[in-house]
Each structure stands twice: as structure tokens, then as C-alpha cells.
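Let's walk through this one together, one question at a time. Keep the picture open while you read.

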Amino acid sequence: MPFTEKSLSFLDENHRRNDRDWFNQHRTEYDDHVRRPMLDLAERLAPTVLRIDPLLIPEPKRAVCRIHRDTRFSRDKSMYKRASWLVFQRSKGMTHPVWFFEFTPDFHHYGCGYYTTPPKVMDQIRQFVLADDKRFKAAHKAVASLPGCELVGDFYKRPRYPDHPEEKRAWLERRGVTAIIYSEYSAALFARDLHKKVAKAFIALAPFYELLMQAHANALPQTATSANSGPARRGGGPAVSRYPDDDEEW
């Protein structure tokens, strides 16, 4: 069940009206054009994310976020989101790296990262970068070679690693890192094979996820959900990622 122009127009109008009665009267439109296509996408992506990490929660109803906003601690009292998204995570609360997909009337994007990167995890990632660790090399290669993918995250106001190559500073100088594919091209969102494109990107970014999970396990071992320090593997086999040779030059 693909997304359509009605998916975008509903999100836009519902957010603009900000009216519970209007939403309830048009609930069928929300279910048909937003929620069901998103549940379908989550169901189609579940085998891919479980291949990457079997400890991720695959159930579509737990992955797809609700449209109602929590306004208890926000100055913005709008009742409804102008976006719809899904998140595959190991546990509720997004304490670990997650896989996500989101669309709004203006754009859609998907990728991997933290909602907020814990400082201790980011410190561990920097250690991997400075040591030319094979996990970092694989993650960097995955992000750099995936068409349309970019590394995002807030930079520190003042440079902390001015003497390092720009490729490394793109990681070292940030407060957090997320790998994201961004598009304003709505035809791509409406494509019936959208799930295949997103799944292919997720597989390509598996080394990035593995870097985050290894950094998380090293920095926050008390939150680990697996005896394995990285993403859990079925039968002890290898992850879907591949590392560059240890002697590969930067």
C-alpha cells in the first residue's frame, strides 16, 4: 500500500486545523492514507532490520509512532504532528541507536542514529576514529559510498581537532552522528517499491550501526541488552557488514 498525495495533504491539513473533532471525522482518511501505508512499510522492512540486529523490536504497531503530540512539557500546544515516522529500536525510549523513516508534506528521510547521542558514546566513537579502528573505516566507507547519504549532527562551536583530516573532523567535531538519506522528491515516496530502496540503504548502512552499537557497548555496558558487545548475531555468524582491510590507507 503506497503513500499518495492524499497522505501529504492529510498531514498538512490536520496539523493546520488542529481540531480534534475534524480529526475524528476524517479518521478513516488518516488510517487509509497515512497509518496503514506506514504499517505496511514497517512490516516490509522488519525482515531487513532483524537481519541486521535480531534484538530490534520488529512489530509494526510498536514501530509506527502515533500522530498525537505530547504537549505536557512543550510551549507548542498543537495536538497533531505534521509528520509520520517509524522507528526500529531495541527497547522503548530510544536508548540505543535506531533505524528510522519519516515523511512530511515537504520531504522524507530515513537512516540510522541516536535520537540524542550520549556524550560517553560519542567519546568512544572519537576513540575509534583517532585509532583508525576497522569499525570506523567500515562505517565511514558505508556513509560515503551510499548515494544521497550524509553524516549529520551538531558541530561544536569551536574546533577541537583542527589538525586532523577533514574526513575525520566530520566525525570528531560533532556532538552526535546520524547517517541520513534525505529527499524532497515526492515521486520517490509514492513508489510501490519504496520498501526495497529503504531496505537496501539499511543494509548498506549496517557497518555504521555496528560502529554505534560497539561504541554504546563499550561506553555504557550497563545498558547492554546482549552478551555480545556489538549487534547480536544469529548462530554466532558474521554481521552483514564488512570491514576494510586493517592496512587500508585513509
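Q: Is cysteine 65 buried, exposed or partly exposed?
A: Quick heads-up: this is a predicted model, where local features need pLDDT of at least 70, side-chain atom pairs count only at pLDDT 80 or more, and totals for chains, interfaces and linings use all residues. Residues are numbered from 1 along each chain as its sequence is written, and side-chain values use heavy atoms, leaving out hydrogens and water. Buried means under 20% relative accessible area, exposed over 50%, and partly exposed in between (1.4 Å probe, protein chains only). Cysteine 65 has 22% relative accessibility, so the label is partly exposed.

Q: Why does cysteine 149 not bond to the closest cysteine sulfur?
A: A disulfide here is a pair of cysteine sulfur atoms within 2.5 Å. Cysteine 149 is buried, at 13% relative accessible area. The closest cysteine sulfur, in cysteine 112, is too far for a bond, at 9.6 Å.

Q: How many disulfides does a search of the whole structure find?
A: A disulfide is a covalent bond between the sulfur atoms of two cysteines. Searching the whole structure for such pairs gives a count of zero.

Q: Which strands stand at the edges of the open sheet?
A: Strands are DSSP runs (E, at least two residues), numbered from the N terminus, and two of them pair if DSSP finds at least two bridges between them. The five strands pair antiparallel in the order β1-β2-β3-β5-β4. Each edge strand has a single partner, so one side is left without a neighbour in the sheet; these strands are β1 (84-88) and β4 (149-152).

Q: Which residue in β3 does tryptophan 99 stand opposite?
A: β2 (residues 98-103) and β3 (residues 108-113) pair in the antiparallel sense over six bridges. Opposite tryptophan 99 stands cysteine 112.

Definitions and conventions. Helix = DSSP H or I, 4+ residues; strand = E, 2+ residues; numbered from the N terminus.
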